[in-house]
Amino acid sequence: MEAALAEELAEIAQTTHSATLKVHNQVPGGVHCSGDLYDAYRINLHSRIASRVLMRMGVCHYQNENDIYDLVLAQPWEEWFGVDHTIRVDVTAIKSPLKSIEFTTLKIKDAVCDRFRDMYGKRPSVDTREPDMRIAGFLDQRQFIVYLDTSGEALFKRGWRSETGDAPLRENLAAGLLRVSGWKPGMPLFDPMCGSGTILCEAAQMVQGVPPGARRRFAFEKFHDFDPAPWLEMKASFKPNPLPSEPTIFGSDISGDMVAMTRHNLRNAGILFDVPLKQIEAQQVQPPTATPGILLTNPPYGERIGVRGDSTLPEDELAKSFYADLSKTLKQRFAGWTAYLFTADLNLPKMLRLKESRKTPFFNGALECRLFRFDMVAGFNRREEAKPKSEE
């Protein structure tokens with residue numbers, strides 16, 4: 001999602017009229033940008049795609065853990081937070097020659113604590129569950145970077161979700177899928193397997209113009225020099241969009257519980273307009289609008305298909321019949337629509353008997369996934385039926 005995030009950061013700079021926020025290079029798993037501290041507030045408030053906003057404290061070439069300890073010890077942590085704040089340290093490494101990530105993590109924690117002990121005679125406590133401050137270390141083959149996290153809880157936690165299904169999408173992943181699909185507020189959007197409604201909630205907040213961080217707290221609010229006035233002004237300055245007079249976002253699911261959960265989550269997310277929802281099997285759906293739009297969904301795989309039909313059938317047979325029926329529905333009823341299916345099952349196009357026009361790789365946690373795009377061309381089905389049977 002690096003390219004999508006870089007694009008979003010440039011938009012945030014433009015829409016918030018920040019003269020200081022500059023977007024630099026994309027790196028695996030992130031985007032480098034620069035600005036003042038208020039820009040960190042802006043990104044935390046407005047970014048739908050970022051997981052965290054990390055502030056770079058120091059960088060060095062290293063040969064062993066002592067080099068890392070020295071760099072962390074030299075940082076002015078006391079300018080940012082106090083000895084009474086709790087801390088947590090997380091380290092990510094790519095191709096690092098160091099033997100133990102755990103030991104490196106311990107050295108970073110020791111350096112922060114030793115700095116406070118040297119200055120004040122006492123040290124901050126560690127809290128791995130709900131720390132006030134998170135410190136992040138990143139190692140590659142030669143370089144070490146240490147960051148202070150301005151976000152606190154990961155940004156995909158928007159503060160509205162109280163209920164999820166079996167395998168919920170993270171909110172920032174749903175936002176990334178919406179952006180990569182090219183969907184924009186005003187275009188019809190349909191999720192026929194909506195689960196707990198993450199894609200619908202993200203899209204509905206975008207339609208309404210509600211910043212994703214409007215309903216939650218951030219780590220920077222605990223920084224020593226935090227000034228609440230500009231932050232409150234920033235939160236008050238966004239203008240919600242006029243509410244749509246006609247629905248453009250639609251969802252359905254086979255499970256009545258999931259439909260009820262989506263309804264609940266939309267309410268919690270502060271959505272003030274109607275998002276029509278139906279309990280219906282995905283194979284039975286009809287286009288919700290006369291105007292073609294974007295169908296975007298995270299279809300079930302493996303055990304989750306069992307919910308959708310006869311669970312006495314073997315899983316493979318169940319999947320085959322499910323996708324054969326879904327394919328028929330898409331071809332027969334969704335001419336002119338662009339269908340995007342997000343899945344960890346890389347055989348999906350084969351099961352649908354459709355050729356994708358694009359596939360974008362994503363990771364859902366550690367799971368490698370694809371966003372497959374299918375252009376549902378008018379006349380698709382008539383061509384299929386006209387084929388001699390021997391070709392199939």
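Where is the place of His-17? In this predicted model, His-17 is found in the loop between α1 and β1 (22-27). Although His-17 is not a glycine, its phi is positive, at about 55 degrees. The residue has a relative accessibility of 72% and therefore counts as exposed, the cut-off being over 50%. A positive phi of about 55 degrees also occurs at Arg-353, likewise not a glycine. Arg-353 belongs to the loop between α10 (348-352) and β12 (358-364). With a relative accessibility of 68%, Arg-353 counts as exposed.

The protein as a whole contains 11 helices and 13 strands. Taken along the principal axes, the box filled by its C-alpha atoms is roughly 80 × 50 × 35 Å. Of the 392 residues in the protein, 50% are buried. One of the helices, α4 (residues 101-120), holds Arg-115. The relative accessibility of Arg-115 is 18%, so that this arginine counts as buried under the 20% limit. A separation of 44 Å lies between the C-alpha atoms of Arg-115 and Met-206, which are 91 residues apart along the chain.

A feature taken from the UniProt record, "domain: THUMP" (unreviewed entry), is placed at residues 39-150. Helix accounts for 33% of the span 39-150 and strand for 26%. The C-alpha atoms at the two ends of this span are 11 Å apart.

Aromatic contacts were examined next. A pair of aromatic rings is described by the distance of the centres and the angle of the planes. Across the whole structure, the search yields 17 aromatic pairs. In the pair formed by Phe-220 and Trp-231, the ring centres are 5.0 Å apart and the planes stand at 90 degrees, an edge-to-face arrangement. This pair links distant parts of the chain, with the two positions 11 residues apart in numbering: Phe-220 lies in the loop between α6 (198-208) and α7 (228-237), whereas Trp-231 lies in helix α7. Phe-220 counts as buried because its relative accessibility is 1%, under the limit of 20%. Trp-231 is likewise buried, with a relative accessible area of 2%. Phe-220 and Trp-231 belong to one aromatic cluster together with Tyr-38, Tyr-41, Phe-218 and Phe-226. A contact of another kind involves Tyr-69, over the face of which Lys-107 lies at 5.2 Å from the ring centre.

Open space in the model was also considered. Rolling a probe the size of a water molecule over the atoms shows where empty space is left. The second largest pocket has a volume of about 650 Å³. This pocket is lined by 24 residues, of which Glu-11, His-46, Arg-48, Arg-179 and Met-206 are the closest to its centre. Two or more lining residues are given by each of the elements α1 (2-15), α5 (171-181) and α6. Helix α1 provides the largest share of the lining, with 5 residues. By class, 11 residues of the lining are nonpolar, 6 are polar and 7 are charged.

Terms used: Residues are numbered from 1 along each chain as its sequence is written. This is a predicted model: local features need pLDDT of at least 70, side-chain atom pairs count only at pLDDT 80 or more; totals for chains, interfaces and linings use all residues. Side-chain values use heavy atoms; hydrogens and water are left out. Rings of Phe, Tyr and Trp (its six-membered ring) pair if their centres lie within 6.5 Å; planes under 30 degrees apart count as stacked, over 60 as edge-to-face and the rest as tilted. Helices (H or I, at least four residues) and strands (E, at least two) are DSSP runs, numbered from the N terminus. Buried means under 20% relative accessible area, exposed over 50%, partly exposed in between (1.4 Å probe, protein chains only). A charge sits over a ring if NZ of Lys or CZ of Arg is within 6 Å of the ring centre and within 35 degrees of the ring normal. On a 1 Å grid over the protein atoms alone, a cavity is a set of points where a 1.4 Å probe fits but cannot get out, and a pocket is an open set with protein on both sides within 12 Å along at least five of seven lines; lining residues have an atom within 4 Å of a point. Grid points are joined across faces, edges and corners, and a volume is the space filled by probe spheres set on the points. Ala, Val, Leu, Ile, Met, Phe, Trp, Tyr, Cys and Pro count as nonpolar, Asp, Glu, Lys and Arg as charged, and the others, Gly among them, as polar. UniProt positions are given in the numbering used here, feature names are shortened, and annotations may be inferred rather than shown by experiment.
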